[in-house]
Every structure is written in structure tokens, then in C-alpha cells.
Amino acid sequence: MTDEIPEIDSVTGTGIPLRGNDIDTDQIIPARFMKVVTFDGLGEFAFFDQRFDEDDNQKDHPFNEPQFQDASVLAVNANFGCGSSREHAPQALMRWGIDAIVGESFAEIFAGNCLALGIPTVTADHETVVELQEWIDENPDGEIHVDVEEETVTYGDTTVEATVDDAQRRALTEGVWDTTALMKSNADAVAEKAAELPYVDV
């Protein structure tokens, strides 16, 4: 019984463009903010060193722009989320308000950590992503519809093809992306199987 885990067929929301290749997890959430006991509150520290100088004055960054504060679809370029495997990075993005990410490519571990939170990481070619980022700049209040099942991204009058990893697409659309909740909801079956195994002491 997996009713506790929502099926994620699509995500709709306004966008925020973040340009640049090889944006790593240390940029997404600096290491000094990873000492928290829980992930609560990490959102305010997303891209902190890119957003503020040493005197906490704001720099020019999309996450500081007022027109993007309610955005939930992040548009990025190539190799987003590279670097360390820290799960704090997608946790910070989720807590900032991001529900889906459209990009040219993602680091594999980062994409896996996003999946564990129910955040689709959808890929498209360079030209498609750049056009989406430009449209978001011109239409900060415009909605973007990321269809995980159909593998499309729709904004304005435009619908473009995108790619969702097959395993990710199945996990999201079938509601089996949260493995912890999945195991908890099947605790009886897990205990029953464990009792059958001679090498497990229960």
C-alpha cells in the first residue's frame, strides 16, 4: 500500500532562469550551512555565496529578484548539480520553492537525490533551454507546465519535447519515488520477509 506517496505526473508553476554550466552543489548550498540537524530552513541559504557578499549585501542573482520569488520551475544549463553528493543541495532548492528543474544535463547523483524528494529533473537541448530561460525573463508571471508522463515542457504557445529518465519517470508517475515512505507503508511485508531469512535476526 503506497497511497501515502503522491504520483507526480506533471508540475506547473512560474519559472526562474539560472544561467551557467557546471553549477555545483557547493554553490547551491555552501558547506557551512550543512551542520543543521534537520533540513528545515535550508531554503534561505540556497546559493548564499552567489547571492550575498561578505557584508551580506545582495548581489545580482535570479534568486534575489522579486519577480522570481514565487517560482517553482528552475531552468538551468549543463551539468547542474555536479561536485559532491550532498543531499542538502536539492533539499535547499525544494525548501526555497523549487518543484521541478529543466536543464541541459544533470549530475547523476544530484538527479537521484532530487528524485528522492519527488523533484523531476527534465532534460532538453541547449537551444531549447536557452529559449525557455529567455521566455521566463520576459514572462516572469507566465506558467510553465512540465509533463513528466508525456515528456514535454509547455510555456506560452510553445510546447517542446524533453527527456525524463525512464526509471525516474516510472517512479514519479507510479508514486514509488519516496523509498523511505514506501518501506514504511509496507512495514508488515518487510518484517515478514525478514523473518523468513535465516541470516536476519529480528
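Which residues do ring pairs link into a cluster? In this predicted model, they are Phe-33, Phe-45, Phe-48 and Phe-52. The close-ups below take that cluster and a few other spots in turn.

**View 1. The whole protein, before zooming in.** Eight helices and seven strands make up the secondary structure. Of the 202 residues, 46% are buried. If you count contacts with a separation of 6 or more, 67% of them join residues 24 or more positions apart. The protein exposes about 10,700 Å², and 46% of that comes from carbon and sulfur atoms.

**View 2. Phe-33 meets Phe-48, one part of the phenylalanine cluster.** A search of the whole structure turns up 10 aromatic pairs. Phe-33 and Phe-48 form an edge-to-face pair, with 5.1 Å from centre to centre and 65 degrees between the planes. Phe-33 sits in the loop between H1 and helix H2 (48–51), while Phe-48 belongs to H2 itself, so the pair ties together parts that are 15 residues apart in sequence. Both partners are tucked away: Phe-33 counts as buried at 14% relative accessibility, and Phe-48 is buried at 16%.

**View 3. A tilted pair, Phe-63 with Trp-96.** Here the ring centres are 4.2 Å apart and the planes stand at 45 degrees, so this pair is classed as tilted. Phe-63 comes from the loop between H2 and S2 and Trp-96 from helix H3, so the pair ties together parts 33 residues apart in sequence. Phe-63 and Trp-96 are both buried.

**View 4. Helix H3, mostly under cover.** H3 runs over residues 88–96, and seven of its nine residues are buried. Those are His-88, Ala-89, Pro-90, Gln-91, Ala-92, Leu-93 and Trp-96; the last of these is the ring partner of Phe-63 from the previous view. What do the buried residues of H3 pack against? Their neighbours are three strands and two helices: S1 (10–17), S2 (73–75) and S3 (100–103), plus H1 (25–28) and H4 (108–115). Right after H3 comes Gly-97, and its phi is positive, near 135 degrees.

**View 5. Two buried cysteines, Cys-82 and Cys-114.** How many disulfides does the structure hold? The count is zero. Why does Cys-82 count as buried? Its relative accessibility is 13%, and the cut-off for buried is under 20%. Cys-114 is buried too, with a relative accessible area of 0%.

Definitions and conventions: Residues are numbered from 1 along each chain as its sequence is written. This is a predicted model: local features need pLDDT of at least 70, side-chain atom pairs count only at pLDDT 80 or more; totals for chains, interfaces and linings use all residues. Side-chain values use heavy atoms; hydrogens and water are left out. Helices (H or I, at least four residues) and strands (E, at least two) are DSSP runs, numbered from the N terminus. Buried means under 20% relative accessible area, exposed over 50%, partly exposed in between (1.4 Å probe, protein chains only). Contact means heavy atoms within 4.5 Å. Accessible areas come from the Shrake-Rupley method with a 1.4 Å probe; for residues, only the protein chains shown count as cover. A disulfide is a pair of cysteine sulfur atoms within 2.5 Å. Rings of Phe, Tyr and Trp (its six-membered ring) pair if their centres lie within 6.5 Å; planes under 30 degrees apart count as stacked, over 60 as edge-to-face and the rest as tilted.
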